[in-house]
Amino acid sequence: MKKIILSLIVLIWSIPMYSQNQFFDNLELNRISSNFKGSVSNGNSILVYGDGGIILRSTIGGINWDKSSLSDSLSIIGIVSNGSSYFGLTSYRWGITSNDNGKNWNLIDLGKSNFYQLLSYKDNFIGLTENKILIFNSTLNKIKEFTYNSDTTYYNATISGNQIVCSSGHGKLTFIDIDNGNIKTNTLSDFGGCSTCPVVKNLYADAYNKLYFSLNSKLVRLNLLTKSVDTLVNLRKINGAPFTVYKDELYYLYSLLTFSALDSLYFNKIDLTSKSYTKLNKNESDRYISGLSFQSINFINKDTIVAVGKNNLIYMSFDSGIHWELKSWLGNYFYIDLFPDGEA
């Protein structure tokens with residue numbers, strides 16, 4: 001018994017002892033999870049970005065990915081491409097730029113502003129704050145500033161022609177002419193729409209002076225030429241079901257839990273004439289997958305589509321949305337699933 005106790009004492013004595021500060025100085029921490037918020041491509045690489053300063057990059061069409069990590073305190077709200085370069089905004093203060101296809105990044109201090117969205121217009125970049133529109137040039141120097149008002153804390157905008165269109169709250173839109181600075185605010189009732197409306201959310205525009213947005217569970221179209229509003233379809237009352245506009249057509253992605261406790265994926269095209277859904281994808285349920293929450297869907301080109309969301313979620317299609325492959329997902333457990341091609 002004495003020999004066992006003596007052996008334990010010798011073993012404990014041989015273990016290096018650190019103070020609390022020394023311990024953490026020698027501890028390397030790496031974030032493995034992020035809620036992805038969007039994707040972008042400059043033609044040479046595809047990027048996925050989100051919370052914790054994480055940027056995933058693929059230079060071979062989404063087959064393999066490598067990771068860049070900015071400061072863990074940064075939340076990237078948007079990245080856009082301009083030629084071969086990338087420009088982005090974090091939720092507070094910082095702009096980010098890359099000139100090597102997203103491999104290395106530079107931080108630029110833009111002042112003490114909270115940013116909610118990043119848009120691009122010609123060779124300039126537009127940052128949306130609580131009550132201001134800030135326009136930056138290609139070196140992220142501010143060249144213009146506009147002020148708008150909103151009656152809520154929801155902030156969202158889109159570009160239609162030479163106008164920035166902002167959600168200004170319950171049934172209200174603010175139109176800002178980028179060239180001459182004219183600003184006007186309209187209610188949806190000015191276009192024959194509702195007089196007591198929910199907050200205008202998820203604004204998109206096509207090339208034909210039409211705006212698309214959600215009012216609670218309704219997907220609505222506003223024709224700026226005919227000054228008319230109509231409801232296209234009812235949206236699913238679920239979180240994580242984004243829609244997008246690509247080449248002036250609408251697409252809608254969501255997943256539903258099936259009886260087998262797996263998610264069925266639905267990638268729909270919205271017919272703007274019949275005001276109905278057409279399901280495009282062929283595969284229904286995928287192994288391992290339950291509880292998906294999408295945040296963004298983006299067409300890299302007519303064939304390649306990237307959908308991203310919470311818990312490291314990356315879903316991709318390489319045939320215009322007919323078949324989908326799961327590239328990354330944290331899952332419902334504390335591990336990350338990185339699926340080889342064809343196994344998801």
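At 28% relative accessibility, Cys-194 counts as partly exposed, because a residue must fall under 20% to be called buried and over 50% to be called exposed. Its disulfide partner is Cys-197, and Cys-197, at 10% relative accessibility, counts as buried. The model described here is predicted. The points below take up this disulfide, then an open sheet of four strands, and finally two loop residues, Phe-115 and Ser-34.

**The disulfide**

- A search of the whole structure finds one disulfide, and the pair that forms it is Cys-194 and Cys-197, with their sulfur atoms 1.9 Å apart.
- A disulfide is a covalent bond between the sulfur atoms of two cysteines.
- The link of Cys-194 and Cys-197 is right-handed, with 125 degrees about the S-S bond.
- Another cysteine, Cys-166, has a relative accessible area of 0% and is therefore buried.

**The four-stranded sheet**

- The sheet is open and runs in the order β13-β14-β15-β16, with antiparallel pairing.
- Its edge strands are β13 and β16 (183-187), each of which pairs on one side only.
- From one strand to the next, the twist averages 25 degrees.
- Strands of a sheet pair through backbone hydrogen bonds, either parallel or antiparallel.
- Strand β13 (residues 157-160) pairs with β14 in the antiparallel sense over four bridges, and within this pairing Ile-159 stands opposite Ile-164 of β14.
- Between β14 and strand β15 (residues 172-177), which run antiparallel, there are five bridges, and here Gln-163 stands opposite Asp-177 of β15.
- The pairing of β15 with β16 is antiparallel too and extends over five bridges, with Thr-174 standing opposite Thr-185 of β16.

**Hairpin turns**

- β13 and β14 form a hairpin with two residues between them, and Gly-161 in that turn has a positive phi of about 65 degrees.
- β14 and β15 likewise form a hairpin, with four residues between them, where Gly-169 in the turn has a positive phi of about 120 degrees.

**Burial of strand β14**

- Strand β14 (residues 163-167) is mostly covered, since five of its five residues are buried.
- Gln-163, Val-165 and Ser-167 point one way from β14, whereas Ile-164 and Cys-166 point the other way, and all of these residues are buried.

**Phe-115**

- Phe-115 lies in the loop between β8 (106-114) and β9 (117-121), and with a relative accessible area of 1% this residue is buried.
- Leaving aside residues up to four places away in sequence, Phe-115 touches a set of residues that includes Ile-77, Leu-89, Leu-110, Leu-128, Leu-134 and Phe-136, together with Thr-90, Ser-91, Arg-93 and Thr-129.
- Gly-127 is also among the residues that Phe-115 touches; the two are 12 residues apart in sequence and 6.3 Å apart in space, C-alpha to C-alpha.

**Ser-34**

- Ser-34 has its place in the loop between α2 (20-25) and β1 (36-41), and its relative accessible area of 3% means that Ser-34 is buried.
- The side chain of Ser-34 reaches the backbone oxygen of Asp-51 at 2.8 Å.
- Not counting residues up to four places away in sequence, Ser-34 touches Gly-50, Asp-51 and Ile-54, and also Gly-309, Lys-310, Asn-311 and Asn-312.

Methods. Residues are numbered from 1 along each chain as its sequence is written. This is a predicted model: local features need pLDDT of at least 70, side-chain atom pairs count only at pLDDT 80 or more; totals for chains, interfaces and linings use all residues. Side-chain values use heavy atoms; hydrogens and water are left out. Buried means under 20% relative accessible area, exposed over 50%, partly exposed in between (1.4 Å probe, protein chains only). Contact means heavy atoms within 4.5 Å. Two strands pair if DSSP finds at least two bridges between them. A disulfide is a pair of cysteine sulfur atoms within 2.5 Å. Axes are lines fitted to C-alpha atoms, for helices over the stretch in contact, and angles run from 0 to 180 degrees between N-to-C directions. A polar contact is a pair of N or O atoms within 3.5 Å; within protein, one must be able to donate a hydrogen and the other to accept it, and residues adjacent in sequence count only if both atoms are side-chain atoms.
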